[in-house]
Amino acid sequence: MVYQRLNANASLAQAVAALLGSTDLLPPNRRVTAGPPSANTAAYSQARSRLRSQIPDDVADRVFDTLDHPG
């Protein structure tokens with residue numbers, strides 16, 4: 001969601017592809033170390049739809065505030 005907000009009009013598939021291109025940024029866990037995460041966007045979309053609508057806005061605001069006022 002953050003990727004999509006920072007990259008206007010980016011699709012979910014583009015956001016997932018960007019994440020998969022940077023798996024070194026992901027915390028080490030069984031799903032990452034067992035093999036690359038799936039590029040199938042269905043699970044990501046399903047999980048995102050379960051979030052309360054205010055959460056993405058709050059996350060985006062926090063990211064913006066952090067970028068605007070680092071440290």
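**Close-up views of a five-helix predicted model**

**View 1. Val 59 in helix H5 and its approach to the N-terminal residue Val 2.** Val 59 belongs to helix H5, and in this predicted model its relative accessible area of 39% places Val 59 in the partly exposed class. Although Val 59 and Val 2 stand 57 residues apart along the chain, their C-alpha atoms are separated by 7.6 Å. The reason for calling Val 59 partly exposed, rather than buried or exposed, is that buried means under 20% relative accessible area and exposed means over 50%, whereas Val 59 has 39%.

**View 2. A nonpolar surface patch shared by helices H1 and H5.** Val 2, Leu 6, Val 59 and Leu 67 together make a nonpolar surface patch of about 360 Å². The elements that contribute two or more residues to this patch are helix H1, which covers 2-6, and helix H5. Val 59, one of the patch residues, is the residue shown in View 1, where its C-alpha atom lies 7.6 Å from that of Val 2.

**View 3. Phe 64 on helix H5.** Phe 64 is found in helix H5, which spans residues 54-68. With a relative accessible area of 53%, Phe 64 is exposed, because the exposed class begins over 50%. The C-alpha atom of Phe 64 is separated by 9.9 Å from that of Val 2, a residue 62 places away along the chain.

**View 4. Gln 4 of helix H1 and its polar surroundings.** Gln 4 is found in helix H1 and is buried, its relative accessible area being 17%; that assignment follows because buried means under 20%. Which residue has a side chain that is joined to the side chain of Gln 4 by a polar contact of 2.5 Å? The partner is Arg 48, and the contact is made between the two side chains. In addition, a polar atom of the Gln 4 side chain lies 3.1 Å from the backbone oxygen of Ala 10. When neighbours within four places in sequence are left aside, the residues in contact with Gln 4 are Asn 9, Ala 10, Ser 11, Leu 12, Ala 15 and Arg 48, so that Ala 10 and Arg 48, which appear in the polar pairs described above, are also part of this list under the criterion of heavy atoms within 4.5 Å.

**View 5. Asn 9 in the loop between H1 and H2.** Asn 9 is placed in the loop between H1 and H2, and it has a positive phi of about 65° although Asn 9 is not a glycine. Is Asn 9 buried or exposed? Its relative accessible area is 80%, and Asn 9 is therefore exposed. Asn 9 is also among the contacts of Gln 4, the buried residue of View 4.

**View 6. The whole chain, as a setting for the close-ups.** The chain has five helices and zero strands, and from the N terminus on its elements run α-α-α-α-α. Its C-alpha atoms fill a box of roughly 35 × 30 × 20 Å along the principal axes. Buried residues make up 10% of the 71 residues, and the chain exposes about 5700 Å², of which carbon and sulfur atoms supply 54%. Among contacts between residues at least 6 apart in sequence, 46% join residues at least 24 apart. The average pLDDT of the chain is 83, and 99% of the residues score at least 70. Among the elements, helix H2 (residues 12-20) has the highest mean pLDDT, 88, and helix H3 (residues 30-33) the lowest, 77.

How values were computed. Residues numbered from 1 in each chain as written. Heavy atoms only, no water. Helix = DSSP H or I, 4+ residues; strand = E, 2+ residues; numbered from the N terminus. Buried < 20%, exposed > 50% of the residue type's maximum accessible area, 1.4 Å probe, protein only. Patch = residues over 30% accessible without salt bridge, like charges linked within 9 Å, V, L, I, M, F, W, Y side chains within 5 Å. Areas by Shrake-Rupley, 256 points an atom, 1.4 Å probe, with all protein chains shown as cover. Salt bridge = Lys/Arg side-chain N within 4 Å of Asp/Glu carboxyl O. Polar contact = N/O pair within 3.5 Å; in protein donor to acceptor, adjacent residues only side chain to side chain. pLDDT = per-residue confidence, 0-100.
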